[in-house]
Amino acid sequence: MVHWEEIMRKWTILKAAVAGLAFYGAMATASYAADIVGLITKTEGNPFFVKMREGAQAKAKELGLTLQTFAGKFDGDNDSQVAAIENLISAGAKGFAIVPSDSSAIVPTIKKARDAGLLVIVLDTPLDPIDAADATFATDNFKAGELIGQWAKGTLGDKASSAKIAFLDLATNQPTVDYLRDQGFMKGFGIDIKDPKKYGDEDDARICGHEMTGGAEDGGRTAMETLLQKCPDVSVMYTINEPAAAGGYQALKAAGKDDGSVLVVSIDGGCPGVKNVAAGVIGATSQQYPLKMAAMAMEAIEKFAKTGEKPKPTPGKEFFDTGATLITDKPVNGVESIDSKKGAELCWG
């Protein structure tokens with residue numbers, strides 16, 4: 001005999017169980033989405049960004065976060081970074097760290113992400129304006145440039161007043177990291193800075209010119225070849241980073257100027273660059289710490305996801321300063337530095 005009351009009771013229990021499973025599944029999915037974080041770099045293969053990605057991956061794994069990584073096709077590829085942010089918003093990420101290719105053009109998309117509740121941490125290259133992000137973890141790029149400028153001026157001594165300086169810069173859109181390093185060098189060397197957010201408007205006769213490298217070795221060589229035509233008596237080569245320095249040095253070598261008559265200065269502190277300091281190719285470089293930047297960003301996003309607390313800047317600055325150290329085997333009085341042996345212990349890439 002069929003007991004309809006018993007059947008209906010079991011059916012009610014079954015429906016409740018199914019509903020409970022559906023609710024649990026939805027909650028599990030939401031929890032998983034809440035653990036998604038992102039890292040967006042300018043390019044894929046630059047050793048600086050490779051090390052940054054390694055730092056983010058290791059820290060995300062340690063914290064139990066799901067990391068999604070993205071990179072532009074080239075330095076200056078703003079469109080790919082916009083698409084990456086859109087993907088992270090759609091994925092329900094809690095936040096992301098980004099090294100912006102265009103410090104200004106990316107700001108509206110950053111705002112969209114922040115309005116959607118994501119924590120946005122900028123690494124290495126501050127936005128313009130810097131407060132368009134929730135936080136910035138970076139080298140003091142102006143200070144890094146200033147250190148190599150002071151070293152070059154001190155090394156040349158009286159000859160600094162008649163120097164011929166080739167600037168191997170980054171990109172025509174002059175992102176913050178580009179003009180900050182460039183103008184930091186100029187201040188350290190004793191060149192009058194005009195517009196604080198733009199280089200190329202100086203009237204100092206010691207400047208041979210500014211050429212763009214894209215932060216790459218081949219770009220550095222092409223840029224220096226061009227500047228050598230304008231300025232065959234060059235005595236100082238400033239470079240935005242160490243890959244550009246390596247390329248620029250190849251141009252000097254091809255022109256027979258690899259005899260130490262041209263001071264080469266740079267910024268990065270990667271292991272290949274530190275080796276070039278030891279070999280005498282680069283006279284001095286300012287070392288920065290990309291793994292530290294990325295790891296700190298993952299910790300900050302995880303803390304924000306749990307508590308809603310946002311990271312604070314270094315006292316007296318608009319960003320959290322992750323440090324810069326001058327590396328040279330030919331120290332200058334009054335300019336604090338470490339040698340290439342110690343730099344090799346701290347290098348990356």
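This section describes the open sheet, the surroundings of T139, and the cavity and pockets of a predicted model.

The sheet is open and consists of 6 strands, which are arranged in the order 2-1-3-4-5-11 and pair in the parallel sense. Strand 2 (66–71) and strand 11 (320–321) occupy the edges, and because each has a single partner strand, one side of each is left without a neighbour in the sheet. Within this order, strand 1 (residues 36–41) runs parallel to strand 3 (residues 95–98) and is joined to it by 4 bridges. Among the paired residues, V37 has G95 as its bridge partner in strand 3, and I40 has I98 as its bridge partner in that strand. Strand 3 also pairs with strand 4 (residues 119–123), again in the parallel sense and over 4 bridges, and here the bridge partner of I98 is V122. I98 is thus bridged to I40 of strand 1 and to V122 of strand 4.

In a regular strand, the side chains alternate between the two faces of the sheet. For strand 3, G95 and A97 lie on one side and F96 and I98 on the other, and since all of these residues are buried, both faces of the strand are covered.

T139 is placed in the loop that connects strand 5 (135–138) with helix 5 (141–156). With a relative accessibility of 2%, T139 falls under the 20% cut-off and therefore counts as buried. The side chain of T139 forms a polar contact of 2.7 Å with the side chain of Q288. When residues up to four places away in sequence are left out, the contacts of T139 comprise A144, Q288, M293, F319, D321, T322, G323 and A324. One of these residues, D321, belongs to the edge strand 11 (320–321), and another, A144, falls within helix 5 (141–156).

The structure contains 1 cavity of 30 Å³ or more, and the space in the largest cavity amounts to about 130 Å³. Its lining is made up of 13 residues, among which K42, F49, D124, R181 and N241 lie nearest the centre of the cavity. Helix 2 (47–63) and helix 6 (176–189) are the elements that contribute two or more residues to this lining. By class, the lining of the largest cavity comprises 5 nonpolar, 3 polar and 5 charged residues.

Open pockets are considered next. The largest pocket holds about 340 Å³ of space, and of the 17 residues that line this pocket, P126, I130, Y179, L180 and E318 lie nearest its centre. Two or more lining residues are given by each of helix 5 and helix 6, with helix 6 supplying the largest share, 4 residues. The lining of the largest pocket divides into 9 nonpolar, 4 polar and 4 charged residues.

The second largest pocket has a volume of about 270 Å³. It is lined by 19 residues, of which L263, G280, I282, G283 and K330 are the closest to its centre. The elements that provide two or more residues to the lining of the second largest pocket are helix 5, helix 8 (242–254) and strand 9 (263–268). By class, the lining of the second largest pocket consists of 9 nonpolar, 5 polar and 5 charged residues. Helix 5 accordingly appears among the contributing elements of the largest pocket and of the second largest pocket, while helix 6 appears among those of the largest cavity and of the largest pocket.

Key:
Residues are numbered from 1 along each chain as its sequence is written. This is a predicted model: local features need pLDDT of at least 70, side-chain atom pairs count only at pLDDT 80 or more; totals for chains, interfaces and linings use all residues. Side-chain values use heavy atoms; hydrogens and water are left out. Buried means under 20% relative accessible area, exposed over 50%, partly exposed in between (1.4 Å probe, protein chains only). A polar contact is a pair of N or O atoms within 3.5 Å; within protein, one must be able to donate a hydrogen and the other to accept it, and residues adjacent in sequence count only if both atoms are side-chain atoms. Contact means heavy atoms within 4.5 Å. On a 1 Å grid over the protein atoms alone, a cavity is a set of points where a 1.4 Å probe fits but cannot get out, and a pocket is an open set with protein on both sides within 12 Å along at least five of seven lines; lining residues have an atom within 4 Å of a point. Grid points are joined across faces, edges and corners, and a volume is the space filled by probe spheres set on the points. Ala, Val, Leu, Ile, Met, Phe, Trp, Tyr, Cys and Pro count as nonpolar, Asp, Glu, Lys and Arg as charged, and the others, Gly among them, as polar. Two strands pair if DSSP finds at least two bridges between them.
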